[in-house]
Amino acid sequence: MSGIGPVEPGEDTRVRDTPPPRPRGRLALRYERHRRTVLASGAVLVVLAGGGYLYASRPQPRPAPAPPYPSQAIDLVYVTPATGSPATAAGGFSFTVLLSVRSGPPVTVTRLTQPYDGLSMTSSPTAPFQTKSHSARKIVVTLRVTECEKAPRNPGLPFLDVTLRNTRAIEAHSFILGARYAQDLSQALEVACGNDSR
C-alpha cells in the first residue's frame, strides 16, 4: 500500500453496525429510560434558580425620607395682645400666637407652659391639639399673676415651653417670642403688680 489518504476497507470486508454500549448499573439504566424527564427537570431547576437570583438581587427602591422633627417643621410666632378678653379685666394678660406647620405629618401640641413661678397659664384651645401640615392655628394664651414677688420684673427674652409630637418624635422645645412680646408682657406685669411693693 502506498500513498496518502484514508484507509479503505479491503475486499470481503464490511462495516458492522454495532449498537452503542449499554449502560451498566441500576442508576445508569434508570437515567437511560427517563433521560428526557431528567433533562427537562434539570432545565426547570436552572431557570428557577436563575430567576430567584435575579429577583433577590434586583435593585431595592430607596426608603422614603424620614419626616422632620416636629420642632423643625413648625413656626411659633407672637401675633398680638388679645384685647377685650375677660382675663384682661380679671388681672390677666392674654395674647395670640400663631402655630404654623410648614411640612411633614401633622404636629400635636401635647403641652404648653411658661417658665415663671409667679405666673399661671392657660391656653385656648387646651392641649393636646393637632395642626395639619401646611396650615396654621391661632392659640390664645392667658397669663395670670399669682405672686408678684415671683413674677419677672423685666423679662428680657421670655419664652414658652412647648411639647410637640409627630410620627417621628416627641420633643420639648422653648420658643422665644421676640421683643414685642417681651415689651407687652413687661407692660402687663407692671399694670398687674404696679401697686405692690417689691
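**Exercise 1. Is Asp75 buried, partly exposed or exposed, and what is its relative accessible area?**

Keep in mind throughout that you're working with a predicted model.

Step 1: get the number. The relative accessible area of Asp75 is 35%.

Step 2: classify it. Buried means under 20% and exposed means over 50%, so Asp75 comes out as partly exposed.

Step 3: look for a charged partner. The side chains of Asp75 and Arg102 meet in a salt bridge, at 2.7 Å from N to O.

Step 4: place the two ends. Asp75 sits in strand S1, while Arg102 is in the loop between S2 and S3, so this pair ties together parts 27 residues apart in sequence. Arg102 is partly exposed as well, at 38%.

**Exercise 2. Find how many salt bridges the model has, and work through the pair formed by Glu147.**

Step 1: the count is two. One of them is the Arg102 and Asp75 pair from above.

Step 2: Glu147 forms a salt bridge with Lys150. The closest N and O atoms there are 4.0 Å apart, and the cut-off is within 4 Å.

Step 3: check the exposure of both ends. Glu147 is partly exposed at 34% relative accessibility, and Lys150 is partly exposed too, with 48%.

**Exercise 3. Test whether the length of helix H5 agrees with its number of residues.**

Step 1: H5 covers residues 179–193, which makes 15 residues.

Step 2: use 1.5 Å a residue, multiplied by one less than the number of residues. That gives an expected span of 21 Å.

Step 3: compare with the model. The end C-alpha atoms of H5 are 21 Å apart, so the two values agree.

**Exercise 4. Work out which residues of H5 are buried, and what they pack against.**

Step 1: the buried set is Tyr181, Ala182, Asp184, Leu185, Ser186, Ala188, Leu189 and Cys193.

Step 2: think about spacing. An α-helix has 3.6 residues a turn, so residues three or four places apart point the same way.

Step 3: find the other side of the packing. The buried residues of H5 pack against strands S1 (74–81), S2 (92–101), S4 (119–124) and S6 (135–145).

Step 4: zoom in on the charged one. Asp184 is buried yet has no salt bridge. Its nearest side chain of opposite charge is Arg180, 5.3 Å away, against a cut-off of 4 Å.

Step 5: list who touches Asp184. Leaving aside neighbours within four places in sequence, Asp184 is in contact with Tyr78, Pro81 and Phe93.

**Exercise 5. Trace the open sheet of four strands and its pairings.**

Step 1: write the order, S5-S3-S7-S8, with antiparallel pairing.

Step 2: pick out the edges. Strand S5 (129–131) and strand S8 (170–176) each pair on one side only. On average, neighbouring strands here are turned by 35 degrees against each other, direction ignored.

Step 3: take S3 (residues 107–113) with S7 (residues 159–165). They pair over five bridges. Arg111 stands opposite Thr163, and Val109 has Leu164 as its bridge partner.

Step 4: move on to S7 and S8, which pair over seven bridges. Val162 partners His173 in S8, and a hairpin of four residues joins the two strands.

**Exercise 6. Summarise the whole chain.**

Step 1: count elements. There are five helices and eight strands, running α-α-α-β-α-β-β-β-β-β-β-β-α from the N terminus.

Step 2: add the global numbers. Of the 198 residues, 28% count as buried. Among contacts between residues at least 6 apart in sequence, 66% join residues at least 24 apart.

Key: Residues numbered from 1 in each chain as written. Predicted model: local features only at pLDDT ≥ 70, side-chain atom pairs only at ≥ 80, totals over all residues. Heavy atoms only, no water. Buried < 20%, exposed > 50% of the residue type's maximum accessible area, 1.4 Å probe, protein only. Contact = heavy atoms within 4.5 Å. Pairing = 2+ DSSP bridges. Axes fitted to C-alpha atoms, helices over the stretch in contact; angles between N-to-C directions. Lys, Arg positive; Asp, Glu negative; His and termini not counted.
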